[in-house]
Amino acid sequence: MSERQRTAAFTYYVFGKMKILAIDSSGLVATVALLEDEDLIAEYTVHYKKTHSQTLLPMLDEIRTMAELDLKTIDAIAVASGPGSFTGLRIGSATAKGLAQGLEKPIIEVPTLEGLAWQMYGSSALVCPLMDARRNQVYAGIYAFTPAGQGRKITDLPKGDTMPGDETLEKTAVPGGMSQEYEMTCLMEGVCCLLPEVVERLNSLGKPVVLLGDGVQAYRETLQETLRVPYTFAPAHRRLQSAAAVGTLALRYAAQGKMVSYYEHKPEYFRLSQAERELAEKETGSSGMSGFEKKEKTEELPEVLHSGA
């Protein structure tokens, strides 16, 4: 994206309204949303026996029709950038790149795990998105929401004597009845690893946690048997990907100038595809494990970060 485009998009966000078309096809669901500043205009989500190549463009067209949207009025296109399904990411990425090129608009890349976690905005519990990566692995991260500007360490967060449930989205009281803004702190960077590694980290943190993502469905029994901290599973309406969450988080990225052009954008896979692994095995006789996976297998998980990091 040119400096002119970046400046225009940033100025528009600060002084006016920013219209974002958001796409997420990184997982089991295909989801599209239209947002104008903090207002959700439309969202369309499908999770039913069809491939994203069959659903994504018709969904976009339906939103365009129902919202009477002139695509030229969009300021940016947000897309879940990975990790996730290789095919799903490629479909979403290609769709975003095609629209961005044709409309001459910037792309806002939103990490899939952060988009999932953002659905639990304001949670008093830790938030752990889990995506089934197959091969007995998961894509996972751990996040915490802390009041903006307070910079509390994770050790200062309330331990909680009960399971996080109805209190998950409870807001912190502030003087004068003012609403509280939150910052999302990353406590464990997104990784592709075995589920026990994530469970071990959660148990070591000793805090209540809410889990979401298709990995919850795939590993529910294992999680129930191995977690030693208070936990809950997100309800159905927040469990899987949401383009509205991607778009809302994209607004914050836009304010920081985090945008790229269509030719700069590429999805983050976190590991080699099956075809690439098989080719590597044939050529080298190795397991075909990516450098990223090897790194995560040999190094300890990241140390807990404070909210100001």
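The following questions and answers set values from a predicted model against the definitions used. Local features need pLDDT of at least 70, side-chain atom pairs count only at pLDDT 80 or more, and totals for chains, interfaces and linings use all residues. Residues are numbered from 1 along each chain as its sequence is written, and side-chain values use heavy atoms, with hydrogens and water left out.

Q: How do you know that the span of helix 8 agrees with its number of residues?
A: Helices are DSSP runs (H or I, at least four residues), numbered from the N terminus. The expected span is 1.5 Å times one less than the number of residues. For the 13 residues 243-255 this gives 18 Å, and the end C-alpha atoms are 19 Å apart, which agrees.

Q: What makes helix 8 mostly covered?
A: Buried means under 20% relative accessible area (1.4 Å probe, protein chains only). By that criterion 10 of the 13 residues are buried, among them Val246, Leu249 and Tyr253.

Q: Why is Cys193 called buried?
A: Its relative accessible area is 1%, so Cys193 falls under the 20% limit.

Q: Why is Cys193 not counted in a disulfide?
A: A disulfide is a pair of cysteine sulfur atoms within 2.5 Å. The closest cysteine sulfur, in Cys192, is 7.0 Å from that of Cys193, and is therefore too far for a bond. The count of disulfides comes to zero.

Q: Why is Cys186 called buried?
A: The relative accessible area of Cys186 is 16%, therefore also under 20%.

Conventions: Helices (H or I, at least four residues) and strands (E, at least two) are DSSP runs, numbered from the N terminus. Buried means under 20% relative accessible area, exposed over 50%, partly exposed in between (1.4 Å probe, protein chains only).
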